[in-house]
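User: I'm new to this one, so please pick out a single spot in the backbone and take a close look at it. Then work outward from there and tell me how the rest is put together.

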Number of protein chains: 2
Amino acid sequence: MQWTKVLGLGLGAAALLGLGIILGHFAIPKKANSPAPQDLDLEILETVMEQLDAHRIRENLRELSREPHLASSPRDEDLVQLLLQRWKDPESGLDSAEASTYEVLLSFPSQEQPNVVDIVGPTGGIIHSCHRTEENVTGEQGGPDVVQPYAAYAPSGTPQGLLVYANRGAEEDFKELQTQGIKLEGTIALTRYGGVGRGAKAVNAAKHGIAGVLVYTDPADINDGLSSPDETFPNSWYLPPSGVERGSYYEYFGDPLTPYLPAVPSSFRVDLANVSGFPPIPTQPIGFQDARDLLCNLNGTLAPATWQGALGCHYRLGPGFRADGDFPADSQVNVSVYNRLELRNSSNVLGIIRGAVEPDRYVLYGNHRDSWVHGAVDPSSGTAILLELSRVLGTLLKKGTWRPRRSIVFASWGAEEFGLIGSTEFTEEFFNKLQERTVAYINVDISVFANATLRVQGTPPVQSVVFSATKEIRSPGPGDLSIYDNWIRYFNRSSPVYGLVPSLGSLGAGSDYAPFIHFLGISSMDIAYTYDRSKTSARIYPTYHTAFDTFDYVDKFLDPGFSSHQAVARTAGSVILRLSDSFFLPLKVSDYSETLRSFLQAAQQDLGALLEQHSISLGPLVTAVEKFEAEAAALGQRISTLQKGSPDPLQVRMLNDQLMLLERTFLNPRAFPEERYYSHVLWAPRTGSVVTFPGLSNACSRARDTASGSEAWAEVQRQLSIVVTALESAAATLRPVADL
Amino acid sequence: MQWTKVLGLGLGAAALLGLGIILGHFAIPKKANSPAPQDLDLEILETVMEQLDAHRIRENLRELSREPHLASSPRDEDLVQLLLQRWKDPESGLDSAEASTYEVLLSFPSQEQPNVVDIVGPTGGIIHSCHRTEENVTGEQGGPDVVQPYAAYAPSGTPQGLLVYANRGAEEDFKELQTQGIKLEGTIALTRYGGVGRGAKAVNAAKHGIAGVLVYTDPADINDGLSSPDETFPNSWYLPPSGVERGSYYEYFGDPLTPYLPAVPSSFRVDLANVSGFPPIPTQPIGFQDARDLLCNLNGTLAPATWQGALGCHYRLGPGFRADGDFPADSQVNVSVYNRLELRNSSNVLGIIRGAVEPDRYVLYGNHRDSWVHGAVDPSSGTAILLELSRVLGTLLKKGTWRPRRSIVFASWGAEEFGLIGSTEFTEEFFNKLQERTVAYINVDISVFANATLRVQGTPPVQSVVFSATKEIRSPGPGDLSIYDNWIRYFNRSSPVYGLVPSLGSLGAGSDYAPFIHFLGISSMDIAYTYDRSKTSARIYPTYHTAFDTFDYVDKFLDPGFSSHQAVARTAGSVILRLSDSFFLPLKVSDYSETLRSFLQAAQQDLGALLEQHSISLGPLVTAVEKFEAEAAALGQRISTLQKGSPDPLQVRMLNDQLMLLERTFLNPRAFPEERYYSHVLWAPRTGSVVTFPGLSNACSRARDTASGSEAWAEVQRQLSIVVTALESAAATLRPVADL
């Protein structure tokens with residue numbers, strides 16, 4: 001070739017190469033340099049849903065409930081090791097797992113000197129004794145690890161007196177007895193479970209000079225009225241006559257000696273003499289076969305119709321036994337309680353899957369590990385799911401198939417049964433970092449109460465993610481319904497925004513979500529499968545907190561085939577994945593507007609006139625609710641707009657922070673100084689009857705009968721300002737971040 | 001050409017083009033699609049430093065101090081408009097600006113019935129009156145807008161009694177008088193400013209039955225002993241004989257009627273009868289010429305040497321006047337105070353520059369606007385700088401030259417002089433969003449006390465950014481020193497880490513930073529230029545809170561040429577830019593390690609033996625400090641490593657959140673229930689003498705003389721646990737975010 005040609009070809013080649021470089025650089029979009037998916041991966045979600053295995057859940061449950069595992073017992077410690085082993089498994093484990101131990105104050109019956117309830121005849125001799133243990137019906141109710149039924153934290157003592165029947169031990173029940181002219185001083189009160197909290201029965205009783213309290217489970221409340229052995233477990237799911245509900249009678253939650261401080265060994269501990277919240281008088285739970293012996297022999301006036309139950313006799317009020325009954329008329333009841341307080345080590349187990357993109361955002365999922373006896377339902381039905389979920393996600397993780405955008409933290413809490421102790425101490429120890437970083441807390445304690453329907457309790461921001469998840473999962477029952485479509489048949493409400501939707505319950509303090517929502521202000525939920533209420537009126541599943549809550553009970557009666565367990569596992573799994581992997585957090589803060597509007601309307605309708613009489617205006621509250629509604633809607637709009645484009649990860653992070661932190665704006669640690677840990681001004685305990693902002697409802701209920709200008713009316717105004725300030729603060733948090 | 005050749009060339013060309021495309025796509029990094037700079041732009045910084053203009057600061061000051069502008073006065077409102085106008089200026093304004101108004105409880109002397117201090121003779125006639133106003137020396141001390149000297153929030157009343165001299169009105173001063181056998185009941189106490197807070201003098205006096213309090217400024221404390229008119233303003237910077245320091249005598253801060261709630265009109269207000277923190281007895285400040293008439297005529301024992309001052313006579317203790325003085329021996333002093341509490345509107349002005357990348361991170365910079373009289377120094381010397389800084393940054397913004405990475409918020413607070421009211425109400429209204437989003441708070445109140453050196457108060461994380469800034473700015477004095485090099489000559493300490501460095505003071509409650517650091521836990525600083533302490537012992541600049549704090553005073557004596565003002569403006573400006581523009585936040589959290597270590601050492605050395613006697617171990621505290629040190633150092637390492645690479649913006653954001661939120665981990669709203677707003681466990685007020693963790697120091701000081709097992713010793717243990725928990729929580733926050 002000629003050199004000109006060569007030159008020409010060379011130049012042409014250079015030009016082509018150059019053009020190529022330019023095209024390659026500018027015309028082809030570069031793939032993001034991140035191995036992590038930008039958004040929820042529906043294939044991964046589908047895989048997880050498929051791999052959650054009912055059979056494995058059943059096997060988990062069998063192992064977990066094989067032995068009684070009372071908090072801090074050797075078997076409880078064995079399960080700590082089991083969890084650690086699973087979560088550190090090289091093929092199906094998490095990134096890391098560890099146990100953390102607190103030294104907490106628990107309460108146990110004495111092994112040497114069992115608690116006893118006796119009938120003492122006129123001459124001082126014991127003429128009848130209640131059972132000290134439950135009947136060994138299936139071979140699992142005996143043995144040294146089955147803790148004697150007792151009222152945890154009830155003081156020891158041996159009160160003796162005439163028996164009275166006090167219905168559910170509510171304040172009004174004792175007032176009714178007073179009205180009936182019954183002298184309560186020095187008596188023993190027989191009460192039934194339900195109505196008010198366990199500890200409240202003793203607190204109320206003590207105010208009337210009552211010396212001791214017995215608590216039993218009426219077959220009307222738990223067994224749909226059935227009480228004979230052949231109608232109860234192991235012949236049905238109902239509670240056998242000897243079954244006794246154990247439980248904590250402590251009024252607050254968290255370790256009693258270290259309020260607001262983690263119960264590490266070095267922490268300051270309140271002097272026992274200064275601890276508040278324990279029952280003031282000896283208290284002991286008994287089964288309904290023993291309760292029948294006591295109650296059906298009572299003397300005195302016939303109890304009111306609403307106080308009657310299903311023991312097969314007319315309930316009388318006492319005091320004392322009737323002359324024509326099984327015991328001499330002036331027999332007394334002796335309640336001897338020998339409970340002991342002990343400092344014990346109790347562990348939480350925590351496992352983490354590190355987030356690929358935002359490791360400092362935590363999706364926290366937990367359940368307690370400790371039970372009263374075998375605890376197949378409570379809590380092992382939840383732990384069985386926890387283990388299956390961590391296995392499925394851990395396997396994807398270890399295979400390199402998947403890593404979530406945000407971190408997922410799995411927690412197995414200790415000593416929940418004594419008062420949510422493990423979870424509360426955890427929130428005390430890591431208050432700041434949990435509050436700053438936790439996206440949501442998901443609790444699955446008792447996962448299956450019964451087979452009929454999903455039941456979710458939670459704050460409004462979690463509603464939509466639960467709806468999204470459950471619409472995509474098949475319901476375990478007959479037919480081809482989604483969990484959502486089945487759910488809506490059992491629990492529903494008419495939403496002004498969405499029309500008919502499943503209704504979420506609100507979060508009290510029934511399980512470990514309590515410190516997360518009330519103390520830390522983290523959006524929380526509790527997920528379970530539960531009853532068809534048209535088929536049973538049982539207060540809770542009948543063997544709750546008894547030695548009859550065993551694997552066979554679940555396997556035969558509660559969830560044969562474990563399809564409801566699987567349904568809950570899938571629901572929780574889908575919620576976890578959506579929260580951890582979605583680019584935009586699936587927390588719909590505008591769903592709080594409905595709650596606020598309904599609280600406002602209740603305040604207007606049921607308190608408006610009263611407040612007006614005392615020159616208190618709801619105007620500022622109306623304005624604050626309107627502002628919240630407007631800002632929440634506007635934020636929703638901004639998110640929709642952004643979702644259509646390709647937003648910058650920092651932009652999304654900023655919006656997500658607004659969504660995540662909304663719930664925190666409802667906290668005010670000075671709102672309810674007398675309510676330990678309760679700082680959430682929307683969900684604190686409500687004692688007033690009006691279903692509105694709890695501080696307002698309670699303060700109005702207290703002020704109602706006082707004069708204008710009283711301290712009580714000042715407190716109404718203060719509570720109103722606290723709510724208005726919180727709502728204004730919430731609206732300010734949702735506003736565009738550079739607006740003042 | 002042959003078709004084969006054509007084909008060959010064509011294929012070659014295609015291959016080259018393809019190669020080019022591949023090279024272009026993969027080999028050349030794509031530029032980030034962000035118009036905002038990734039990091040602090042040193043050219044912009046240089047421009048800002050150059051454009052901050054001493055002359056403009058002087059003109060701002062002239063305008064701001066032209067008229068008295070007491071909080072909520074018409075002139076105060078005029079200045080609100082001036083600020084809004086400047087911040088909304090189309091050429092040099094901010095993105096947005098607005099005033100927000102609170103309805104707050106202020107205290108004023110009566111205009112109809114001035115407060116008076118009279119000497120009443122034995123027959124009841126007034127034989128001498130103190131001055132009601134300051135002498136009109138420059139023509140600016142007269143007129144209706146110059147508020148009469150008074151003690152804000154002192155109650156009205158007309159007590160009359162024999163005069164005693166009580167030094168500074170500290171608890172031990174009154175005890176000394178008691179020891180001397182002086183009957184205090186019903187007397188009037190003459191006290192001098194200094195030693196204890198204003199309000200504390202009346203609180204201490206009232207405990208001894210004293211009926212009224214006078215407070216004066218001794219020339220020894222403020223004028224280096226000088227007191228004659230020709231030695232004082234306008235002939236020098238010293239306080240004229242008639243000058244009277246006004247001030248708030250309220251014990252707490254924030255609006256007195258709305259603690260913890262924003263003082264919006266609808267908020268609940270505490271009943272006046274239940275307000276605590278006001279002085280219990282009538283109190284009135286006077287000038288030293290009046291004080292001389294009173295004090296130099298006193299009868300009784302000679303006061304202790306340390307109680308003597310520079311009024312040119314021997315100070316005696318009283319009670320009452322001596323027979324050979326100017327007044328009859330049994331003359332009494334009458335203090336008639338007619339102060340009135342009034343609900344007034346007071347405004348904050350807030351202006352914002354929206355961040356380009358992280359608009360939800362706020363660098364907050366503020367000063368109060370209200371003064372006692374003209375307030376040229378306090379606070380207008382700070383506001384003059386605020387306006388100049390906002391002008392320079394606003395101009396760059398409006399020109400399109402610059403927009404910060406994070407948002408910058410400028411604040412002009414109302415009613416600071418009455419107790420940091422505007423800033424406190426702001427923190428109460430926006431508690432959550434400020435706590436979640438604020439990077440740091442920078443306060444410049446009195447910007448120039450004197451010309452000698454920089455003085456910075458702040459928490460450890462801000463030390464390094466102030467050092468970086470001041471090393472790059474020339475000091476205004478003679479020579480070619482940087483502000484840093486000049487500063488280190490006046491205030492320095494030997495750091496175990498850095499060697500000799502300028503020493504930062506700690507933050508009390510002297511200005512609007514108080515709610516930010518103590519209530520919200522936001523890293524804060526206060527910046528000013530101040531004295532050469534070898535040249536003056538003045539407690540503060542001499543005309544503080546008097547009608548002599550005028551433009552000419554600044555222009556002639558404090559900072560002729562305004563170069564110190566410029567130095568402070570540059571320092572604040574550089575700090576603001578570094579905080580708002582740096583990719584990695586320049587908050588060096590490991591600098592807290594020195595503080596913690598020194599607090600720990602003080603506890604070990606000065607309390608260790610005592611604690612051991614009471615079986616209290618400092619072991620957990622040692623462990624916690626060590627953990628903090630290790631985690632802070634490790635985080636510093638991780639940041640250094642990342643800085644060498646090209647980290648992802650989300651990664652940096654996560655680290656920055658750890659840095660920003662570290663200070664929050666030291667808050668505990670339950671640590672000091674009796675101390676309103678103080679929640680920071682490292683910087684709460686310390687009454688104990690040991691310079692260690694304040695809760696521990698104070699509790700030990702109270703427990704020292706009680707037996708083991710007392711409540712006071714339990715409180716020591718509680719305080720120790722609170723500190724340990726806070727430090728453990730701080731260490732946990734600094735740990736890698738996916739570690740448990």
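Analyst: Let's start at P234(A), which sits in the loop between α7 (219–222) and β9 (247–248) of chain A. Keep in mind that you're looking at a predicted model. What makes this proline worth a stop is the bond leading into it: the peptide bond joining F233(A) and P234(A) is cis, with omega about 10 degrees. As a rule, most peptide bonds are trans, and most residues other than glycine have a negative phi.

Chain B offers another cis bond to look at, running from D378(B) to P379(B), with omega near 10 degrees. Here the setting is a helix, since P379(B) is found in α9 (residues 376–399) of chain B. Back in chain A, S72(A) is an oddity of another kind: it isn't a glycine, yet its phi is positive, near 75 degrees. You'll find S72(A) in the loop between α3 (54–64) and α4 (74–87) of chain A.

Now zoom out to the whole chain. Chain A splits into domain 1 (42–104 + 342–581), domain 2 (110–338) and domain 3 (589–734). Domains 2 and 3 of chain A have their C-alpha centres 40 Å apart. Even so, they do touch, with eight residues from domain 2 of chain A and four residues from domain 3 of chain A taking part in the contact. About 620 Å² is buried between domain 2 and domain 3 of chain A, and carbon and sulfur atoms give 57% of that. Three aromatic names to look for on the domain 2 side are Y252(A), F253(A) and Y260(A), which lose the most area to domain 3 of chain A and together make up 74% of what that side buries.

What kind of residues does domain 2 of chain A bring to this meeting? Where it touches domain 3 of chain A, there are five nonpolar residues, three polar and no charged. The rule finds zero salt bridges between domain 2 and domain 3 of chain A, but it does count two residue pairs in polar contact there, both partners at pLDDT 80 or more.

Salt bridges do turn up elsewhere, with 70 over all chains. One to look up is E631(A) with R735(A), whose closest N and O atoms are 3.9 Å apart. E631(A) lies in helix α18 (residues 619–644) of chain A and R735(A) in the segment after α21 of chain A, so this pair ties together parts that are 104 residues apart in sequence.

Zoom out once more and you have two copies of the chain. Chain A lands on chain B after a rotation of 180 degrees with 0.1 Å of shift along the axis, at an RMSD of 0.1 Å. The two copies are thus related as by a two-fold rotation axis. And 100% of the interface residues of chain A are also interface residues in chain B, so the copies meet through the same surface.

How many residues does each chain put into that contact? It's 71 from chain A and 71 from chain B. Between them, the chains bury about 5900 Å², 65% of it on carbon and sulfur atoms. L650(A), R670(A) and L740(A) supply 12% of the area that chain A buries against chain B, more than any other three residues.

There's charge at work between the chains as well: the rule finds four salt bridges across the interface of chain A and chain B. R361(B), for instance, pairs with D657(A), their closest N and O atoms being 3.9 Å apart. Polar contacts across the interface of chain A and chain B come to 14 residue pairs, both partners at pLDDT 80 or more. The elements that give two or more residues to the side of chain A touching chain B include β12 (340–353), β13 (358–368), α19 (649–661) and α21 (711–734) of chain A. The largest share of that side, 11 residues, comes from α1(A). Sorted by class, the side of chain A that touches chain B has 34 nonpolar, 17 polar and 20 charged residues.

Conventions:
Residues are numbered from 1 along each chain as its sequence is written. Chains are lettered from A and ligands numbered from 1 in the order in which they are written. This is a predicted model: local features need pLDDT of at least 70, side-chain atom pairs count only at pLDDT 80 or more; totals for chains, interfaces and linings use all residues. Side-chain values use heavy atoms; hydrogens and water are left out. Contact means heavy atoms within 4.5 Å. Buried area is the accessible area (1.4 Å probe) that two parts lose on being put together, summed over both. A salt bridge is a side-chain nitrogen of Lys or Arg within 4 Å of a carboxyl oxygen of Asp or Glu. A polar contact is a pair of N or O atoms within 3.5 Å; within protein, one must be able to donate a hydrogen and the other to accept it, and residues adjacent in sequence count only if both atoms are side-chain atoms. Helices (H or I, at least four residues) and strands (E, at least two) are DSSP runs, numbered from the N terminus. Ala, Val, Leu, Ile, Met, Phe, Trp, Tyr, Cys and Pro count as nonpolar, Asp, Glu, Lys and Arg as charged, and the others, Gly among them, as polar. Domain bounds come from an automatic or database domain assignment. Copies are superposed by least squares on the C-alpha atoms of residues with pLDDT of at least 70 in both.
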